[in-house]
Amino acid sequence: MSLSFVVSPEEQNFLGRTAELSIAGTLAGRQLPQAPAPSATIKNTILHESLGSFVTLHRKHALRGCIGTVIGREPLYQNVWRMAHAAAFEDPRFPPVTQPEWPDISLEISVLGPLTPCPGPDAIEIGKHGLLLTRGHRSGLFLPQVPVEQGWNIEDYLENLCRKAGLPPRSWQAEDAALYWYEAFVFPAKQVQD
């Protein structure tokens, strides 16, 4: 399954180091005010595009934090810097990451492509398309890897999306609902040995 964009190995390495530095710097009390810029050798790349990103933290295979933005409003490398910090220290579902647990935490980065209206469930490919459902003041989002990890089919994917948004089943079909899709380039940024 091919995506409409890629993140090169060099760009992946830079974004991974950026995410690690954002978290490790805070843990050491040396948080920089903003992300260091990429070197001149990788200057005109996807790193400078305004793309959304999510940073996901796992500790011993359990979710430890996940924060992101669907739409980028700054260069990608700065977005990853902010999302890494937010995932480690601001995810309301978890206490802030601590120095003793940092060696056991792995990072995954999802770089999001443009958000566009989804033409319908028949076009959705599990593992390729992330979804965003909005209806009224409620919304729910899943990254493309979530239905794969959960073993969902398309119907499960859509119903769990409704549930995540706090909406009744089949709400994605409502006239006043909007269903959007996007692609994400997902890669490990920091791995730990089991």
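Which element supplies the largest share of the lining of the largest pocket? Let me come to that. First, a caution: this is a predicted model.

Now the pocket. Its volume is about 510 Å³. Its lining counts 18 residues. Nearest the centre lie Leu-63, Cys-66, Arg-93, Val-146 and Lys-164. Four elements each give at least two lining residues: β1, β2, β6 (138-142) and α3 (145-150). And the answer to my opening question is α3, with four residues. By character, the lining splits into nine nonpolar, four polar and five charged residues.

Next, the cysteines. How many disulfides does the structure hold? Zero. Take Cys-66, one of those residues nearest the pocket centre. The closest cysteine sulfur to its own is in Cys-162, 20 Å away, so a bond is ruled out by distance. Cys-66 counts as buried, at 18% relative accessibility; the cut-off is under 20%. Cys-162 is buried too, with a relative accessible area of 0%. For Cys-162, the closest cysteine sulfur is in Cys-118, at 12 Å, and that is also too far for a bond.

Last, helix α2. It runs over residues 76-89, 14 in number. From first C-alpha to last, α2 reaches 20 Å, close to the 20 Å expected. Is α2 enclosed or open? Eleven of its 14 residues are buried, so the rest of the structure largely encloses it. Among the buried ones are Tyr-77, Trp-81, Met-83 and Phe-89. What do the buried residues of α2 pack against? One helix, α1 (9-27), and three strands: β1 (52-59), β2 (62-69) and β3 (105-112). Note that β1 and β2 also contribute to the pocket lining.

Technical notes:
Residues are numbered from 1 along each chain as its sequence is written. This is a predicted model: local features need pLDDT of at least 70, side-chain atom pairs count only at pLDDT 80 or more; totals for chains, interfaces and linings use all residues. Side-chain values use heavy atoms; hydrogens and water are left out. The expected span of a helix is 1.5 Å times one less than its number of residues. Buried means under 20% relative accessible area, exposed over 50%, partly exposed in between (1.4 Å probe, protein chains only). Contact means heavy atoms within 4.5 Å. On a 1 Å grid over the protein atoms alone, a cavity is a set of points where a 1.4 Å probe fits but cannot get out, and a pocket is an open set with protein on both sides within 12 Å along at least five of seven lines; lining residues have an atom within 4 Å of a point. Grid points are joined across faces, edges and corners, and a volume is the space filled by probe spheres set on the points. Ala, Val, Leu, Ile, Met, Phe, Trp, Tyr, Cys and Pro count as nonpolar, Asp, Glu, Lys and Arg as charged, and the others, Gly among them, as polar. A disulfide is a pair of cysteine sulfur atoms within 2.5 Å.
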